Amino acid sequence: MAAAGFCGSWFVFSCDSKLVAVHSKQRQREPFVFDCGAAERTPRSTKDDDNSGGGAPEETGSDRVLAFTASPSGKLVALTDDNKRLVLLHCEPSWRCISVRSVARRCTSLLFSRAEDELLAADKSGDVYSFSVAEPQREGELKMGHLSMLLAVTMSPDDKYIITADRDEKIRVSHRRSPYNIQSFCLGHQEFVSALLIPSGHPRWLLSGSGDGTVKLWEFESGRKLQSWDLRELEETVSAVQFFTVEQEGEEKLVPHSRLALPHCPLDVTFDPEGRLWVLMDSSEMPLRVYTHRRDSWECAAESPELHTVTEAVRPHWETLEVSARTSSRFEHLHKVTFDNVTAYLQKKQQRLEEQQLKRTKAPKANGNKKARKETADTPAST
């Protein structure tokens, strides 16, 4: 499971148990590597001990990085791994580990507040925990709970609302200071919701992506759905990136703009501070590509010096990663599995009726054979 992002001018990507950061502008700066396999083991928190209930200890994880995020200023990075550790890193002026804390459950999504005083961690049990940035050794506090596994978390630009998405198709908008006070629900997806984004310049809009193949646009404060697109219907299914644009005429709305075909399956995409698109792909020979927007289209910047710098630093880590681990997805087992009990019942009923009919058909024939044998036996032999 690989992911990519930018923290200032640092290109950051996760590769199994490692988080690798490469400065895209200054080649003289050494790449930074944080290996969870070599990180300190965190002691069990008091909350874990209180919740254990005397049961068997939970299974040990694999050190694989599950999620990471960068702060709005580009000075902080947080990551969480399969061993239920939450790592806080400082990247400017130089990289250093600030703290390693434990989380109650394996996390799926992380988010810094705009003020960078709080770090939110959403986990598989449906809880969101709040961790202090100013007090990096302090244990997390339960912020809010859900009835389903959480897959994404974001916050409104004014830090007023926390927005969460779960496996059961729901998007919930809660007040940050009083999370028990729910502002709205954004309902309409048919499968798990795995991505949330508030687009720049539109602080009241929310974009959501789902396993049902659709992207939806919401006015999240009211929960009103504004638009919906089924990406499978926009064009033939290929490895591609779909772009949308804001139409300014009349009421503002998003419209499909263009589609960028890719040479390999994309694993993640991110924009750098200059607005260029970086694509992480499933390829040992060409793991990265950069695209620049020019003349109303996206062009491949194959000769970009930044691309060359990052690729050379990324390649040694990328080549040691098994293909299965590179392409594994946390969404593989999230699709609904439906059980049609009525159809199965009717099939079994039909089978029983056919078997009964077959028995009835065989019964007269068997009785007839018995009667014929009896009559033959009673007939006296001729002399």
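User: Which residue in β8 does L86 stand opposite?

Analyst: This is a predicted model, in which local features need pLDDT (the predictor's confidence in each residue, from 0 to 100) of at least 70, side-chain atom pairs count only at pLDDT 80 or more, and totals for chains, interfaces and linings use all residues. Residues are numbered from 1 along each chain as its sequence is written, and side-chain values use heavy atoms, with hydrogens and water left out. Strand β7, residues 85-90, pairs with β8 in the antiparallel sense over six bridges, where pairing requires that DSSP finds at least two bridges between two strands. In β8, the residue that L86 stands opposite is R101.

User: Which strands are the edge strands of the open sheet of four strands?

Analyst: This open sheet has the order β5-β6-β7-β8 with antiparallel pairing, and strands, like helices, are DSSP runs numbered from the N terminus (strands E, at least two residues; helices H or I, at least four). An edge strand here pairs on one side only, which holds for residues 65-70 and 96-102, that is, for β5 and β8.

User: Why is β2 described as largely enclosed by the rest of the structure, and how many of its residues are buried?

Analyst: Buried means under 20% relative accessible area, exposed means over 50%, and partly exposed lies in between, with a 1.4 Å probe and protein chains only. From β2, W10, V12 and S14 point one way whereas F11, F13 and C15 point the other way, and all are buried. In a regular strand the side chains alternate between the two faces of the sheet. β2 is therefore largely enclosed by the rest of the structure, its buried residues numbering six of the six.

User: Which residue in the turn between β2 and β3 has a positive phi of about 60 degrees?

Analyst: β2 pairs in the antiparallel sense over six bridges with β1, and also over six bridges with β3. In the β1 and β2 hairpin, with two residues between the strands, G8 takes a positive phi near 65 degrees. The hairpin of β2 and β3 likewise has two residues between its strands, and the turn residue with a positive phi of about 60 degrees is D16.

User: Which element gives the most residues to the largest nonpolar core?

Analyst: A nonpolar core is a set of buried Ala, Val, Leu, Ile, Met, Phe, Trp, Tyr and Cys residues joined through side-chain atoms within 4.5 Å, and the largest has 19 residues, with F11, F13, W278, L288, V310, V314 and W318 having the most contacts inside it. At least two residues come from each of β1, β2, β3, β24, β25 and α3. With five residues, the element that gives the most is α3.

User: Why does C36 form no disulfide, and how far is its sulfur from the closest cysteine sulfur?

Analyst: A disulfide is counted as a pair of cysteine sulfur atoms within 2.5 Å, and a search of the whole structure finds zero. C36 counts as buried at 0% relative accessibility, whereas C97 is partly exposed, with a relative accessible area of 38%. The closest cysteine sulfur to that of C36 belongs to C97 and is too far for a bond, because the separation is 9.7 Å.

User: Over which residues does pLDDT stay under 50?

Analyst: The chain averages a pLDDT of 87, and 85% of the residues score at least 70. Contact means heavy atoms within 4.5 Å, and the model has one contact beyond four places in sequence for the stretch where pLDDT stays under 50, namely residues 51-56.
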